[in-house]
Structure formats: C-alpha cells, structure tokens
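Welcome! Let's take a guided walk through a protein and the ligand bound to it. Have a look at the picture first, and then we will go through it step by step.

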Amino acid sequence: METTLDAYLDRAVDAWTRGDERGGATTTTTTTTTTRGARASDDGDDGDEEEARARASVVRDEASVVRALARACAKIGRVVRRAGLSDVRDIVEGKNGSVNVHGEEQAALDEAAHAACVEALTRDGKCAWIASEESEEIVRGNPEGRLACVFDPLDGSSNIECGVGVGTIFGVVDVAAGAPATAVYKRPGRDMRSVGYVLYGASTVLVLSFVSANAPGGVCAFTYDDARDAFVLTRENVKIPETGGVYSVNQANQDKWNASTRAYIDECAATKTLRYVGSMVADVHRTLLYGGTFHYPADARNGGKGKLRAVYECFPMSAVIERSGGMAICGADMPVLDIVPATVHARCPIHLGSARDVERLSRMLAA
Ligand code: FBP
C-alpha cells in the first residue's frame, strides 16, 4: 500500500507525540522551552510532560503547514505543466489580456505561485509570519501562530518558457508568541525545522525533511500522482553519495571568483563532468541523488555575496543536504546554516553537495 504525504505526516506527528523523535531532536521550540523549561525543575515530570505536549502540538501545526504548502505546490505544478497555454492565467488569476509569452507570463506565474502559497498558508492559519522572494515585506499571518514559513515560490522561473525544471523552495521556523517579523530571519539557518522543495520537472517531486533530521524516514521524496491528486512516498532515508563525478556551477562567472574557488572548479573541470541547468532546485535535486557538488560562489556582484538568497533558497537546501549526509558551506569551514542574515532577502555564497567533495573545497578555501 503506497504511503501518501498525509499518511506520512500523521505517522510523523504520532511518533513525535509518542516521543520517538524527541531524544535526538535538535529543534528548539522558542515558544515553550524558554518559558517552561525553567518551570520544569520545579514541577518535575508534570513540567516535562507539559513541555512535551507543547512540542507535539507545534509539530501538529507544522504538519498542517506542510500540507497547505503541498496543496499550493500541486496547484502550481498543474499550472507550470500548462505554461504557454493561453488559459494559464485564467486558471490562477482569472485575468487575460496584455502579457506576452516571454517575460510577463513569467512574471505572472511567479506572482501566481506566490499568491497560491500565501493563500494556502493564510487559510491554514498556523503561521504568524510568511516570507516570500516575491514580497518585499514579510506578510503578517495569524498573530497566534507559533510558526513562520519562508519560501521561493518559483525558483528558476527564467527557465519556464523552455520547459526546464523549476521549483518551489520552503522552510519553517518557530517563533515566540507576539514575536516581530525579524524573528523570521535574525537567527542562524540551523534553526530551520521542516525544509524542502518541490521540483516541477519530468514529474512533480516533493523532497521533505520534516521538523528535524530525526523525522521518520529522514529525508523523504514524494511524487505527485495526478490521478489521486496526492503526493506519494517514493523514497525514504535519502542519503547523498559521499562523493560524485559531477560539479554544477555557472562557469561563465569564473572571472569574478577568488583564486581558490577558481582553482577548485578548475580541478573539477579536469576530473569531473559539468552539469548546470541554471535552476537551483533541478541542480540540487540531481546533486542529492547522484552526488557531486552545486555552487553559486561569492563574486564581485551584490557586495561579494553572490546571487542566491540565504533565508528561502540557501538555508532550506543546505538543511536538506546536511540531513542527507552532505555538506553546505559559504566559505572555509563556514557552514551556510551558521549564517545569521541581516535582512530577509540577504544573499550568501553557497557550495553544497557530497561531504568529501565539499570538504576538499573547504580545505582549498582555507589554504
Ligand atoms: P530566481 O529565484 O530569481 O529564479 O533565481 C534563482 C536562480 O534562477 C537559481 O534557480 C539558479 O541556480 C540561479 O538563479 C541561476 O543563476 P545564473 O543564471 O546567474 O547562473
């Protein structure tokens, strides 16, 4: 019997409620630990139990957020597969009129994907804050919410017209009751709880690490089944190979990189195969399954920070890769997940992939 995403999340929430995952869990529930932890010492077991119940209820909320995002992504997948057909806009926004096939349609789909995610998360009501690449400001959700969701609604959208894989990238963090919008990003990426992405490619695939590295089945992949309008579990405990024969980078930028980055990529060029789609989700998904590395190095642009956004592109992807046994750095011995961004749209360099390959780069960057 195939396991749907819904059944998987029910199972995961049960495991949390039973406490199966709590032993090694790394997540901090800012809404409870600080306030209740202190009391635990006084009330003994009662305190612990209450805290456990609070954690489990946050995990239930989180399952609801992941379900809402999956519904939005299933909708986005149906539209992306029809990209180019005149009714695309009608499906999503009921608008028709003055867009040409290229740029604007692209813009319309970015906006449409953004709106689909915000609408689903707002209707779900579990998020206090919603941060998107397509919105300058962080959107206020339910002030009672104990979670916040960050996402890039349609990553790689410049590839839609030519039918290359694009995706949605997302991450969830917990926030204390009444916390300001800055609580969403003024913290290390390691605070990310559920992370993942949806690839709209040959098939629509959701890769999910639920709550923490200790989730049932670890990093899982679900394939969208049109007939059942459901994501079906197709891979569990996804582990990135220790090393790989592929490297992925926009080599056209090499004149903008520092010498050690160039030296590493030159070494790859001499010993490995280059694969670069130019859509982060597609390039990272291939790297996760086949091994190797993906890079968007620091370069002279954007104040030396490179191109990709820390909070809703690099953090979720780095967490997926780390939880599958790989590594993600932004400099020598500098894990991406240790960065604390200054703004929600801050950029950061990224080198992720097979541990042995990224370790080699880290040593070269340190030299
Ligand atoms: P968007 O999120 O704005 O689409 O940009 C991100 C992205 O398209 C990534 O998916 C991809 O890895 C990168 O930019 C490609 O950049 P470049 O064209 O400079 O190689």
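Let's begin with the ligand, which sits in the largest pocket. Keep in mind as you read that this is a predicted model.

Which elements give two or more residues to the shell around the ligand? They are β3 (147–155) and β11 (293–296). Both strands will come back when we turn to the sheets.

**Around the ligand**

In total, 15 residues surround the ligand, and the closest are D155, G156, Y276, M280 and Y296. What kinds of residues make up this shell? The shell divides into five nonpolar, five polar and five charged residues.

Some side chains place a polar atom within reach of an oxygen atom of the ligand. Here are three such pairs:

| Side chain | Partner | Distance |
|---|---|---|
| D152, polar atom | oxygen atom of the ligand | 3.0 Å |
| N250, N or O atom | oxygen atom of the ligand | 2.8 Å |
| E313, N or O atom | oxygen atom of the ligand | 3.0 Å |

How much of the ligand does the protein cover? On its own, the ligand has 480 Å² of accessible area, and the protein covers 80% of that.

**The sheet with eight strands**

Now let's follow the strands. Eight of them form an open sheet with mixed pairing, and their order is β2-β1-β3-β4-β5-β6-β7-β8. You can find β3, one of the strands that contribute to the ligand shell, between β1 and β4 in this order. At the edges stand β2 (139–140) and β8 (230–235); each has a single partner strand, so one side of each is left without a neighbour in the sheet.

For an example of pairing, look at β5 (residues 195–200) and β6 (residues 204–209). These strands run antiparallel and are joined by six bridges. One residue to find there is V195, whose bridge partner in β6 is S209.

**The sheet with six strands**

Another open sheet has six strands in the order β10-β9-β11-β14-β12-β13, again with mixed pairing. Why do β10 (273–274) and β13 (334–335) each have one side without a neighbour in the sheet? These two strands stand at the edges and each has a single partner strand, so there is no neighbour on one side.

Strand β11, which also gives residues to the ligand shell, pairs with β9 (residues 246–248) here: the two run parallel and are joined by two bridges. To spot this pairing in the structure, look for Y247, which stands opposite T293 in β11.

Note on methods. Residues are numbered from 1 along each chain as its sequence is written. This is a predicted model: local features need pLDDT of at least 70, side-chain atom pairs count only at pLDDT 80 or more; totals for chains, interfaces and linings use all residues. Side-chain values use heavy atoms; hydrogens and water are left out. A residue is near a molecule or strand if one of its heavy atoms lies within 4 Å of it. A polar contact is a pair of N or O atoms within 3.5 Å; within protein, one must be able to donate a hydrogen and the other to accept it, and residues adjacent in sequence count only if both atoms are side-chain atoms. Accessible areas come from the Shrake-Rupley method with a 1.4 Å probe; for residues, only the protein chains shown count as cover. On a 1 Å grid over the protein atoms alone, a cavity is a set of points where a 1.4 Å probe fits but cannot get out, and a pocket is an open set with protein on both sides within 12 Å along at least five of seven lines; lining residues have an atom within 4 Å of a point. A molecule sits in a cavity or pocket if more than half of its atoms lie within 2 Å of its grid points. Helices (H or I, at least four residues) and strands (E, at least two) are DSSP runs, numbered from the N terminus. Ala, Val, Leu, Ile, Met, Phe, Trp, Tyr, Cys and Pro count as nonpolar, Asp, Glu, Lys and Arg as charged, and the others, Gly among them, as polar. Two strands pair if DSSP finds at least two bridges between them.
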